[in-house]
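Student: Please take one charged side chain and examine it closely. I should then like to see how that part fits into the rest of the chain.

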Amino acid sequence: MNNSVELKIEGKTYTLPIIIGSQDEKAIDIRTLRNETGYITIDSGYGNTGSCQSSITYIDGEKGILRYRGIPVEVLAEKSTFVETSYLLIYGHLPTKSELSDFSNKLRYHSLIHEDMLHFYDGYPSTAHPMAILSSMVCSLSAYYTDSLDPKDLEQVEHLIPRVLSKLRTIAAYSFKKSIGQPVIYPKNSLSYCENFLHMMFAVPSEPYEINPEAVAALNMLLILHADHEQNCSTSTVRLVGSSDANLFASIAAGVCALWGPKHGGANQSVVEMLVEIEKNGRDVNAALKAAKDKNSTFRLMGFGHRVYKNYDPRAKVIKAACDNLLNKLKKKDPLLDIARKLEEAALSDSYFVERKLFPNVDFYSGIMYRALGIPKNMYTVMFSLGRLPGWIAHWREMHFDNDDRIGRPRQIYTGETLQEYRPIGDRN
Ligand code: ACO
């Protein structure tokens, strides 16, 4: 195999090195391109651009493979917990018993947020989307750790990691409580990470609340499946913001904002809204397919398609199977699951979707599971944020301590006016 390629521009030949990853992924290293040739590359949407080298997560989109630190995500979803998987992603290896217990204890210990932050919630209208609250509250955490915000100081960073992991969960649950007018429920540190989240979401001071172990298992699985996905839009945002040496909380808050969009993590809410609409319209899945294929319409089949997967998203496969299981165990029925299955079946036998290799993605079935757990629609993307958090942290940490942390600064090809005169306002028409 060659370790370089030749590029011919204006009659001159340039040699560019090739970089090969541990799974034989190949890249042309163009770092010297502009200096040597005066040319840049254009790649809108970055579909052909590697922004970094990373040892955290491997995806083979053609084969439908997803591994965290080399471990298949299906195995982790079955055998691990969210806390253990978070450790794996951030620190690069499965924790020993004592490492896991130390990490879990830190997460327990840092579950409260500063009491003053509770007042922030009162400033939001009751109609506020919880993602708006989450992003600003996470950024506000930086106001409480002014002596630990140096991204180049590993000791300070290690100090913040369990805090952000634990507190984002508390902030998320409180935002739900505030939105429904119930008192916030303080964390109970005898509980595990996922138990504590359910407790803060659903307990009320006036009645006992029993945590359902099936719900805990489902939540662990869902969060694990969302925990990382290499250089997706929100993770790239976290890395880009972090590359300016912005602090961890500010970088994570930016990731929350990027995730919110319906083309990314916001799709889980849009999927359920779409399924509810189909139910209202007499369950006609073909009308939805027709609209999704219509190039004059902006409607897309939500929860379908992916930049990287040209095969079934392995996370969607696990969630689809788990949906049925959870509904049975909770003795619940959900007509949306039936509609989703029919819609999937119809899409996968439609040439439009087949030719474009559009399959269900992670968001297609996850909302149905959140519904079964009693989590309201506008909290689905918050749940995704909770799951994706260890991935964001792992990438931010890798960038600063193991990797190339030059500031992210793409270039452009300018297509605007050349030199233009400034005309006084009276001379303009
Ligand atoms: N419904 C209908 N058509 C679609 C869909 C869809 N969901 N997704 C892609 N297509 C079509 C496009 O219109 C395009 O068709 P064309 O070749 O005739 O122009 C072709 O498939 C390729 O699509 P692109 O938009 O170029 O694919 P891209 O990689 O840029 O976008 C994305 C990927 C954003 C996920 C897209 O598939 C989409 O919008 N899906 C719906 C939203 C969604 O589920 N997002 C969640 C993704 S997973 C995640 O981020 C957690």
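Tutor: Let us begin with R371, which has a relative accessible area of 32% and is therefore classed as partly exposed, since that class lies between the 20% limit for buried and the 50% limit for exposed. Please keep in mind throughout that this is a predicted model. The side chain of R371 forms a salt bridge with that of D334, with 2.8 Å between N and O. R371 belongs to helix 17, whereas D334 sits in the loop between helix 14 and helix 15, so this pair ties together parts that are 37 residues apart in sequence. The partner has another degree of cover: D334 has a relative accessibility of 11%, and because this is under 20%, D334 counts as buried. The bridge thus joins a partly exposed arginine to a buried aspartate.

The two helices that flank the loop of D334 are themselves linked by a salt bridge. D324 pairs with R341, and their closest N and O atoms are 3.0 Å apart. D324 is part of helix 14 (residues 314-329) and R341 is part of helix 15 (residues 335-348), so the pair ties together parts that lie 17 residues apart in sequence. Here both partners are partly exposed: the relative accessible area is 35% for D324 and 29% for R341.

A further salt bridge involves the loop that follows helix 17. E273 and K377 meet through their side chains at 3.8 Å, N to O. E273 is in helix 12 (residues 267-280), while K377 is in the loop between helix 17 (363-372) and helix 18 (380-401), so this pair ties together parts that are 104 residues apart in sequence. E273, at 33% relative accessibility, counts as partly exposed, and K377, at 35%, does so too.

These pairs are among the 18 salt bridges that a search of the whole structure finds. Salt bridges may also be joined into a network, as they are for K152, D245 and D405. Of these residues, D245 deserves a second look. D245 is located in the loop between helix 10 (233-243) and helix 11 (248-260), and its relative accessible area of 37% makes it partly exposed. Its backbone has a positive phi of about 70 degrees, although D245 is not a glycine. E10 offers another case of a positive phi in a residue other than glycine, with a value near 45 degrees. E10 is in the loop between strand 1 (4-9) and strand 2 (12-20). Its relative accessibility of 70% is over the 50% limit, so E10 counts as exposed.

It is instructive to set R371 beside an arginine without a salt bridge. R163 is buried, and the nearest side chain of opposite charge, that of D147, is 8.4 Å away. Because a salt bridge requires a nitrogen and an oxygen within 4 Å of each other, the pair R371 and D334 at 2.8 Å qualifies. R163 is located in helix 7 (residues 154-179). When neighbours within four places in sequence are left aside, its contacts are with H110 and Y145.

Consider next a residue in strand 1, namely L7. L7 has a relative accessible area of 29% and is partly exposed. Beyond residues up to four places away in sequence, L7 touches K12, T13, Y14, L16 and L33. The C-alpha atoms of L7 and T37 are 10.0 Å apart, with these positions 30 residues apart along the chain.

Finally, we may place these details within the whole chain, which contains 18 helices and 6 strands. A compact globule of 429 residues would have a radius of gyration near 22 Å, and the value for the chain, 23 Å, agrees with this. The C-alpha trace spans about 80 × 65 × 55 Å along its principal axes. Buried residues form 47% of the 429 residues. Among contacts with a separation of 6 or more, 70% are between residues 24 or more positions apart. The exposed area of the chain is about 22,100 Å², of which carbon and sulfur atoms supply 50%. As for charge, the chain has 49 positive and 50 negative charges, and the mean positions of the two sets are 3 Å apart.

Definitions and conventions
Residues numbered from 1 in each chain as written. Heavy atoms only, no water. Helix = DSSP H or I, 4+ residues; strand = E, 2+ residues; numbered from the N terminus. Buried < 20%, exposed > 50% of the residue type's maximum accessible area, 1.4 Å probe, protein only. Lys, Arg positive; Asp, Glu negative; His and termini not counted. Contact = heavy atoms within 4.5 Å. Rg over C-alpha atoms; globule rule 2.2 N^0.38 Å. Areas by Shrake-Rupley, 256 points an atom, 1.4 Å probe, with all protein chains shown as cover. Charge placed at Lys NZ, Arg CZ, Asp CG, Glu CD.
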